[in-house]
Amino acid sequence: MAAHLKKRVYEEFSKVVQIPHEEAQAKKLRLSKPSKSAALHVDLCKATNSTDALQYLLQFARKPVEVESVEGVIRILLEHYYKETDNSVRLKIASLLGLLSKTNGFSPDCIVDDAINTLGNEKSHQVLAQLLDTLLVIGSQLPESPAVRLRLIEVACKLVEVAVEKTVWAPCWSCCDRLTSGGARDVQSIISNYFADQDPRVRTAAIKAMLQLHDRGMKIYQIIYDQACRLLSDDYEQVRSAAVQM
């Protein structure tokens, strides 16, 4: 009996059970394109000189950038900006920063600090002027952020102190002038601080900036007006000529 059971058990375990082979579903391989920031990074890394880099940037400028890729692209541009020694390439990067900041659906508040930092060591007056225009674009895209706009105005005014070229003063004051919606007293106070600057060219530019605010319909506060009137007795004719228009 034991031998019979042993034989039955052996037969059960020695049976080969074949499971029908189910045809595996074919999986589709999805090839995704590299992100715009990755593609730009690759192109700029391939550039062997400034001419190549400028050509890649010009080509890139003609391509649309999805809103979700904008910040990544800007980071790549900023990274290359600090490495680049050629003024024309930095100028193009500065222009692209402003262009990308206007992308529908993108809020440039995340790049305000980075944009301001680019002004730090820039020596080219043309690039500085373009960077200021970019700051103006950023501020214009943030109408609900008066603190950011006021900060950009302060940065522009501060730049007047170190800028020796009128090509930089003009965009500085333009930036101040066009970002003044709200906080009128603060803006006027910032600009009027330069009425007493030791450089007569800066004093003249500050008066003209205040005149621009007035021409746009902003009421000049009495205390600011009184400060401007004191410049009627300035030692320099160009300052007096600007002050008399107040």
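These legends accompany close-up views of a predicted model.

**View 1. The largest nonpolar core draws on a run of helices.** This core has 37 residues, and Leu 40, Leu 57, Ile 74, Leu 77 and Leu 135 touch the most other members. At least two residues come from each of α2 (36-46), α3 (50-61), α4 (70-83), α5 (87-101), α6 (112-117), α7 (125-140) and α8 (146-162). Helix α4 gives the largest share, seven residues.

**View 2. Leu 40 and the residues it touches.** Setting aside residues up to four places away in sequence, look for Leu 57, Phe 60, Val 73, Ile 76 and Leu 77 in contact with Leu 40.

**View 3. A second core, separate from the one above.** Here you can find 22 residues, among them Val 202, Val 239, Ala 242 and Ala 243.

**View 4. Helix α11 from end to end.** The 16 residues of α11 (residues 200-215) reach 23 Å from first C-alpha to last, close to the expected 22 Å. At the N-terminal end, Asp 199 acts as a cap, with a side-chain oxygen 2.8 Å from the backbone nitrogen of Arg 201. Buried residues of this helix include Pro 200, Val 202, Arg 203, Ile 207, Met 210 and Leu 213. Follow the chain just past α11 and you meet Gly 217, with a positive phi of about 100°.

**View 5. Two cysteines, Cys 45 and Cys 229.** Cys 45 counts as exposed because its relative accessibility is 53%, over the 50% cut-off. Cys 229 has 28% relative accessibility, so this residue counts as partly exposed. Across the whole structure, a search finds zero disulfides.

Key: Residues numbered from 1 in each chain as written. Predicted model: local features only at pLDDT ≥ 70, side-chain atom pairs only at ≥ 80, totals over all residues. Heavy atoms only, no water. Core = buried A, V, L, I, M, F, W, Y, C linked by side-chain atoms within 4.5 Å. Buried < 20%, exposed > 50% of the residue type's maximum accessible area, 1.4 Å probe, protein only. Helix = DSSP H or I, 4+ residues; strand = E, 2+ residues; numbered from the N terminus. Contact = heavy atoms within 4.5 Å. Expected span 1.5 Å × (residues − 1). Polar contact = N/O pair within 3.5 Å; in protein donor to acceptor, adjacent residues only side chain to side chain. Disulfide = S-S within 2.5 Å.
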